[in-house]
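Trainee: I've got a structure open and I'd like to learn how to read one of its helices. Can we go through it together?

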Amino acid sequence: MVKLDVFESPQEANIVKGMLENNGIPAFVQDENNLYVPVFNGVSIYVNERDLEKARQLLKSHRD
């Protein structure tokens, strides 16, 4: 698993995770239950290395 991106909130990360999974990319959200996420590192999403480029493209299209 490789880190795709970091998000400010668990809610945002889970929305992106759902989008990825709906497009056939398994994803894992790390630190979604950490109460200190907004203060420190944020919530990370990980995907399989083989899916990284497709996941980046989907994330970019989602942000545009």
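Mentor: Sure, let's take a few questions on one helix and then on a histidine, keeping in mind that this is a predicted model.

Trainee: What span does helix α1 reach from its first C-alpha to its last?

Mentor: Helix α1 runs over residues 10-22, which makes 13 residues. At 1.5 Å a residue you'd expect 18 Å, and the model comes close to that. From first C-alpha to last, α1 reaches 18 Å.

Trainee: Within what arc do the buried residues of α1 fall?

Mentor: Start with who they are: A13, V16, M19 and L20 are the buried residues of α1. Look down the axis of α1 and you'll see that they line one face of the helix, because they fall within an arc of 120°.

Trainee: And which exposed residues sit on the face turned away from that buried side?

Mentor: The buried side of α1 packs against β1, β2, β3 and α2. Turn to the face pointing away from it and you meet the exposed residues Q11, I15 and N22.

Trainee: Is H62 buried, partly exposed or exposed?

Mentor: H62 is found in helix α2. Its relative accessible area is 43%. Buried needs under 20% and exposed needs over 50%, so H62 counts as partly exposed.

Trainee: Leaving aside its neighbours within four places in sequence, which residues is H62 in contact with?

Mentor: Don't go by sequence alone here: H62 and M19 are 43 residues apart along the chain. In space, though, their C-alpha atoms are 8.8 Å apart. With those sequence neighbours left aside, the contacts of H62 are V16 and M19.

Definitions and conventions: Residues numbered from 1 in each chain as written. Predicted model: local features only at pLDDT ≥ 70, side-chain atom pairs only at ≥ 80, totals over all residues. Heavy atoms only, no water. Helix = DSSP H or I, 4+ residues; strand = E, 2+ residues; numbered from the N terminus. Expected span 1.5 Å × (residues − 1). Buried < 20%, exposed > 50% of the residue type's maximum accessible area, 1.4 Å probe, protein only. Arc of directions from axis to C-beta. Contact = heavy atoms within 4.5 Å.
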